[in-house]
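Here are a few notes to read with the structure open beside you. Take them one at a time and find each spot as you go.

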Amino acid sequence: MIEIKNVNKNFGETSILRDVSFVCEEGKTNLIIGGSGSGKTVLMKCIVGLFEIDNGGIYYHGRSFSELNFTERKEIRKEIGMVFQGGALFDSMTVEENLAFPLTMFTDMNKNDKRDRVNFCLSRVNLENVNKKFPSELSGGMKKRVAIARAIVMNPKYLFCDEPNSGLDPQTSIVIDNLIMEITQEYGITTLINTHDMNSVLEHGDKIFFIYKGQLWWEGDKETVLTASNKELRDLVFASKILREFRK
Amino acid sequence: MKALIEKPEKFDVYRRQVVKEMESIGFGSLGIVAIISMFIGAVITIQTSYNLLSPFVPLYAVAVVARDSIIIEFSPTIICLVLAGKVGSSIASELGTMRVTEQIDALEIMGINASGYLVLPKIIAAVIILPFIVVLSMVLGILGGLIGGVASGVISAVEFAHGLQVRFVPFNVTFALTKTVFFAYIITSVPAFHGFYAKGSALEVGKASTRAVVYSSVALLVADYVLTQIFLA
Ligand SMILES: Nc1ncnc2c1ncn2[C@@H]1O[C@H](COP(=O)(O)OP(=O)(O)OP(=O)(O)O)[C@@H](O)[C@H]1O
Ligand SMILES: [Mg+2]
């Protein structure tokens, strides 16, 4: 469980996040939706501590993250897996080394155990025979999948994904969505996803938080998102023609 | 699962990083260092003999002067300046690219101290390996001086070898290597800083790497001046 309480974030004079509060539940797929530039990425980076918040608090199972120093945060960081918008794979390492890296840094696993764990995570994202490839030799969708595999290699308690299916074809996109959802339920992970993919929203939104101009504008789930009366939310949800037809 | 999370210290990983950086900074520069040292050694010898051309100055003095200029100034300073360009731009662009593609953020999310993991091994590697490179450059510079001097007929091999032994001050080598350690720190830390804190896009990475080379070269020259004043003035 992650609690976000009254978070404010400014870049210089510009206020990006204003008084955002919500709770991400365990074992559920929590979604942040919102238009481009609404502050989703900034919010996620604030939650994981890549940006310092100006006001408010972030609590991981009651532990106040924002008040900790680097060493103390390290303990929570080891329970976090994150999939960045661009993948952020280490491009000097092969796929295998990318996954094995956190294992080497934080565990005492021997070579065989590491190899097994790496192969297990790769098979979990339906990737085979890419162990020795470098990230530059992979397609966009494969990179995303490797990034997910790397994010779950340490058995995280918290999983963050910044637009896991942007730039993917609809089929791969669904595969990735299902994958994240399965992992979330299977291991009871608290998952938080930034997305503007309406398919994922309607399919997997156990909890949905709509951010509009840096504020939490609406909160609900996949059942209520289609019937909500909030104007800005409707504009976002029904931007596509198919969904407009569907509404009629 | 608990064991999975404990044991933060991974000395082995850091040691391997240092060795890897020593290879890329050290071995990667051997070719250019050898070429520059040989040629400049030859030029210094010929030029010195031209400047000292006088019946009152013994011929072996050419070797004395060439040796000292190579040891005190040329090998440590010029070689490190060249490496500031070569090593500096590669460090700045490597770290800058890692920054803008969020690889540094990814390290930090994992709970790894990114600057400790990425920057420190480079500095340590340079501080260890550059004195060896500079010693090599001194030897090759003097060898180049001998070859150039003999080939152009300004000095015989015997005179040159004799001159090398006249008034040799071991402290000059100590001084040169001390300078090198400072320079090694400058030409890795300054570019690392520019790369690590690069912002924006690939274009910015290019700019950061240019800035890194300029700043570290100037810092190196200032340090050279200050150290020379402290130790030799
Ligand atoms: N490092 C930064 N410095 C200053 N301003 C920033 C920075 N990062 C983001 N912003 C600003 O914060 C606002 C929100 O950006 P953010 O990246 O969170 O949008 P987003 O909701 O993730 O959009 P998208 O869906 O396009 O990814 C934007 O106006 C952006 O200009
Ligand atoms: Mg974003």
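1. Let's start with a quick sanity check on helix α2 of chain B, residues 11-25. With 15 residues at 1.5 Å a residue, the helix should span 21 Å, and its end C-alpha atoms are indeed 21 Å apart, so the two values agree. Keep in mind that this is a predicted model.

2. Which residues of α2(B) are buried? They are B:Val13, B:Gln17, B:Val18, B:Glu21 and B:Ile25. Look down the helix axis and you'll see these buried residues fall within an arc of 140°, so they line one face of the helix.

3. Now, what covers those buried residues of α2(B)? From chain B, the cover includes α4 (61-100), α6 (114-118), α7 (120-151) and α9 (170-196). Chain A takes part too, with its α3 (95-106).

4. On to charges. Side chains of opposite charge can pair when their charged atoms come close. Over all chains, a search of the whole structure turns up 22 salt bridges. A handy one to begin with is A:Lys28 with A:Glu25, where the closest N and O atoms are 3.1 Å apart. Are these two buried or exposed? A:Lys28 has 31% relative accessibility, so it counts as partly exposed. A:Glu25 is partly exposed as well, because its relative accessible area is 28%; the buried class is for values under 20%.

5. Next, have a look at B:Glu73 and B:Lys179, whose side chains meet in a salt bridge at 3.0 Å, N to O. B:Glu73 sits in helix α4 of chain B and B:Lys179 in helix α9 of chain B, so this pair ties together parts that are 106 residues apart in sequence. The partners' surroundings are worth checking: B:Glu73 is partly exposed at 33% relative accessible area, while B:Lys179 is buried at 1%.

6. Stay on B:Lys179 for a moment. B:Lys179 also forms a salt bridge with B:Asp224, and here the closest N and O atoms are 2.8 Å apart. Again the pair links distant parts of the chain: B:Lys179 is in helix α9 and B:Asp224 in helix α10 (residues 202-232), 45 residues apart. B:Lys179 and B:Asp224 are both buried.

7. One last stop: a network. Salt bridges that share partners join A:Lys45, B:Arg99, B:Glu102 and B:Asp105. Notice that the list has a residue of chain A, A:Lys45, alongside residues of chain B.

Definitions and conventions. Residues are numbered from 1 along each chain as its sequence is written. Chains are lettered from A and ligands numbered from 1 in the order in which they are written. This is a predicted model: local features need pLDDT of at least 70, side-chain atom pairs count only at pLDDT 80 or more; totals for chains, interfaces and linings use all residues. Side-chain values use heavy atoms; hydrogens and water are left out. Helices (H or I, at least four residues) and strands (E, at least two) are DSSP runs, numbered from the N terminus. The expected span of a helix is 1.5 Å times one less than its number of residues. Buried means under 20% relative accessible area, exposed over 50%, partly exposed in between (1.4 Å probe, protein chains only). The arc is that of the directions from the helix axis to the C-beta atoms. Contact means heavy atoms within 4.5 Å. A salt bridge is a side-chain nitrogen of Lys or Arg within 4 Å of a carboxyl oxygen of Asp or Glu.
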